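Dear colleague,

Please find below the structure that I am handing over to you, with its sequence. My findings follow after it.

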Amino acid sequence: MNIVISLYTPVTDITTGKYGIPCFYETIIKALQKEGNSIFVHVSRQWRADYVTMPEDLKTRLDAFKPDLFILFNNTFYDVSAYYDCPIVIYEVDSPLYYSNKQALLKNVSRYKFVVCQDEAVDMLKQDFGAHESQILQIPFFSEVQAEDK
């Protein structure tokens, strides 16, 4: 599969000066790659922003990538529901309180699947966003972090 992952992070890799990817995201990305998936990672520095219009260069790169799935942590990305006819998963990192683009979600909530880690998030998605129980999957946090002998 071609999977687009979008996440927010304020972390900078001090060795390269580029965005660093925290281990929670890195382990998910590596696990998906290990299973043979191609991954397109978008890193944002905008916390709880409303992403209005997707830049044309990003849209062109996504079109060339041909996404089969979007995984948007805290919905940190542009509204792709009208552009791509593939599943869109909103993955909770903190809480639905901190999702970006809440108004776009509310307009077309049936277009999304939600992965959450806590009971309160399930209730919030149903009550505040109008999500149906069948759209929500609750799973605990997990990690692919492996200790190395040194």
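In which loop is Ser134 found? Ser134 lies in the loop between helix 4 and strand 6, the latter spanning 136-138. Please bear in mind throughout that this is a predicted model.

Ser134 has a relative accessible area of 55%, and because the threshold for exposed is over 50%, this residue counts as exposed. The side chain of Ser134 makes a polar contact with the side chain of His132, at 2.9 Å. Ser134 and Lys113 are separated by 21 residues in sequence, and their C-alpha atoms are 8.4 Å apart in space.

Turning to the interior, the largest nonpolar core has 29 residues. Leu62, Phe70, Phe77, Ile90, Tyr99, Phe114 and Leu125 are the residues that touch the most other members of this core. Two or more residues of the core come from each of helix 2 (56-65), strand 3 (69-73), strand 4 (88-91), strand 5 (112-116) and helix 4 (119-128). Another core, of 16 residues, lies apart from the largest one; Leu7, Ile29, Phe73 and Val115 are among its residues. As general background, nonpolar side chains tend to be buried together in soluble globular proteins.

Phe77 deserves a separate word. Leaving aside neighbours within four places in sequence, Phe77 is in contact with Ser6, His42, Tyr51, Met54, Leu58, Leu62, Phe70, Leu72 and Asn101.

I also looked for internal cavities. The count comes to one cavity of 30 Å³ or more, and the largest cavity has a volume of about 30 Å³. Its lining is formed by Leu72, Asn75, Tyr78, Asp79, Val80, Asn101, Ala104, Leu105 and Tyr112. By type, six of these lining residues are nonpolar, two are polar and one is charged.

One of the lining residues, Asn75, is placed in the loop between strand 3 and strand 4. Is Asn75 buried or exposed? Asn75 is buried, because its relative accessibility is 4% and the cut-off for buried is under 20%. The side chain of Asn75 reaches the backbone oxygen of Ser100 at a distance of 2.8 Å. With neighbours within four places in sequence left aside, the contacts of Asn75 are Ile90, Tyr99, Ser100, Asn101 and Leu105. Of these contacts, Asn101 and Leu105 also line the largest cavity.

With kind regards

Definitions and conventions:
Residues numbered from 1 in each chain as written. Predicted model: local features only at pLDDT ≥ 70, side-chain atom pairs only at ≥ 80, totals over all residues. Heavy atoms only, no water. Core = buried A, V, L, I, M, F, W, Y, C linked by side-chain atoms within 4.5 Å. Buried < 20%, exposed > 50% of the residue type's maximum accessible area, 1.4 Å probe, protein only. Helix = DSSP H or I, 4+ residues; strand = E, 2+ residues; numbered from the N terminus. Contact = heavy atoms within 4.5 Å. 1 Å grid on protein atoms, 1.4 Å probe; cavity = no way out; pocket = protein on both sides within 12 Å on 5 of 7 lines; lining within 4 Å. Points joined across faces, edges and corners; volume = space filled by probe spheres on them. Nonpolar A, V, L, I, M, F, W, Y, C, P; charged D, E, K, R; others polar. Polar contact = N/O pair within 3.5 Å; in protein donor to acceptor, adjacent residues only side chain to side chain.
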